[in-house]
Amino acid sequence: MQLLKYLQAQGFGSRKQCQTLIDHERVTINGCLKTQAKEDIDGMHVHSLMIDDQPFTPVPMPYFYICLHKPADYETSHKPQQYPSVFSLFPEPMRHIDMQAVGRLDADTTGVLIITNDGQFNHRTTAPKHKLAKIYRVSLKHPADESFCNTLKRGVLLHDDHETVQAAEAELSDAHTLMLTITTGKYHQVKRMVAAAGNRVEALHRTQFGSWSAEDMAPGEWRFFSPMQPQTIRHSVMNPAAKQIDFSLDIYVVHNQFNLRLTHPIDSIINYPPY
Ligand code: URA
């Protein structure tokens with residue numbers, strides 16, 4: 001990617017503004033002053049990016065993938081109505097980069113949210129046919145028992161919907177805490193399912209989205225990840241929820257083009273040797 005385009009892609013402004021940064025010899029990448037707008041920059045291997053003496057976080061290009069621990073009271077929208085946008089959690093100039101959330105979390109929902117500029121990845125990850133597992137920890141208003149879980153697993157009819165939706169898994173940690181796995185992504189799905197089963201969500205936290213989790217991060221914290229890293233697949237395979245996340249492995253395969261095909265059910269590769 002040419003330097004000029006690279007700087008634009010990093011959110012440093014218009015073509016003209018980025019050209020001015022280069023002309024005024026203000027751009028240093030990996031310790032080298034950059035003065036040629038057409039110089040080819042390998043966006044995957046920039047480890048330091050400075051304007052004058054100020055360091056900025058280099059965003060991997062052409063595609064980046066971010067795992068964010070979404071805090072409460074942030075909206076998953078570029079045009080928030082009531083609370084700040086989740087994109088405002090990123091530093092300048094990153095927040096000006098064209099990026100999308102992979103699915104949405106309500107303003108009051110916390111937990112893992114994936115953000116990317118890779119539209120194909122976004123589409124593949126959210127397409128219903130891929131049945132990506134999303135695991136939620138649901139705080140319930142009323143105490144629940146096994147029959148409540150069974151109702152969710154058998155399927156409930158959502159208000160204003162024509163077909164029933166089923167939980168892939170529903171288990172109580174205690175009478176007020178439900179661990180719910182769903183593989184579809186309808187509007188307010190968890191809250192509506194719980195309401196349809198006769199209870200109410202008091203708090204909602206997403207612990208897992210496919211193979212990704214933000215449980216080791218503080219609310220508001222984020223990190224880049226690469227769907228190409230072997231760790232991703234290893235993590236997925238080792239993960240106790242592996243049965244439900246086979247399609248995230250599929251995405252991994254599609255993206256890294258290793259020609260690895262999952263020809264066996266996930267159970268049979270659960271002890272796949274570490275990379
Ligand atoms: N289901 C909901 O009801 N809300 C969310 O934020 C995510 C899933």
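**View A. The turn just after helix H5 in the predicted model.** Gly198, placed just after H5, takes a positive phi of about 95°. The model is a predicted one, and the helix that precedes this glycine, H5, covers residues 189–196.

**View B. The buried face of helix H5 and what covers it.** Val190, Met193 and Val194 are the buried residues of H5. Seen down the axis of the helix, these buried residues fall within an arc of 95°, so they line one face of H5. The elements that cover them include helix H4 (146–154) together with strand S8 (134–140), strand S9 (156–157), strand S10 (164–165), strand S12 (177–182) and strand S13 (201–209).

**View C. The shell of residues around the ligand.** Leu105, Asp106, Thr109, His188, Gln189, Val190, Lys191 and Leu204 surround the ligand. Sorted by residue class, this shell divides into three nonpolar, three polar and two charged residues. Helix H5 contributes three residues, the largest share of the shell, and Val190, one of the residues around the ligand, is also among the buried residues of that helix. Because domain 2 (65–128 + 214–269) and domain 3 (133–209) both give residues to the shell, the ligand lies between these two domains.

**View D. His188, a residue of the ligand shell with positive phi.** His188 is found in the loop between S12 and H5, and its phi is positive, at about 50°, although the residue is not a glycine. With 15 C-beta neighbours inside 10 Å, His188 counts as partly exposed, because the count falls between the limit of 12 or fewer for an exposed residue and that of 20 or more for a buried one. His188 is also one of the residues that surround the ligand.

**View E. Glu25, a second non-glycine residue with positive phi.** The phi of Glu25 is near 55°, a positive value in a residue other than glycine, and Glu25 has its place in the loop between helix H2 (15–23) and strand S1 (27–29). Glu25 has 11 C-beta neighbours inside 10 Å and therefore counts as exposed.

**View F. Two cis peptide bonds that lead into prolines.** The peptide bond from Met61 to Pro62 is cis, with omega near 10°, and Pro62 sits in the loop between strand S4 (54–56) and strand S5 (65–70). The peptide bond from Glu92 to Pro93 is likewise cis, with omega near -5°, and Pro93 lies in the loop between S5 and strand S6 (100–101).

**View G. His45 in its loop.** His45 belongs to the loop between strand S2 (32–34) and strand S3 (49–51), and it counts as exposed because it has 10 C-beta neighbours inside 10 Å. Between the C-alpha atoms of His45 and Val59, which are 14 residues apart along the chain, the separation is 9.9 Å.

**View H. The chain as a setting for the close-ups.** The chain has seven helices and 14 strands, and 29% of its 275 residues count as buried. Among the contacts in the chain between residues at least 6 apart in sequence, 62% join residues that are at least 24 apart.

Note on methods. Residues are numbered from 1 along each chain as its sequence is written. This is a predicted model: local features need pLDDT of at least 70, side-chain atom pairs count only at pLDDT 80 or more; totals for chains, interfaces and linings use all residues. Helices (H or I, at least four residues) and strands (E, at least two) are DSSP runs, numbered from the N terminus. A residue is near a molecule or strand if its C-beta atom, placed from the backbone, lies within 6 Å of it. Ala, Val, Leu, Ile, Met, Phe, Trp, Tyr, Cys and Pro count as nonpolar, Asp, Glu, Lys and Arg as charged, and the others, Gly among them, as polar. Domain bounds come from an automatic or database domain assignment. The arc is that of the directions from the helix axis to the C-beta atoms. Two residues are in contact if their C-beta atoms, placed from the backbone, lie within 7 Å.
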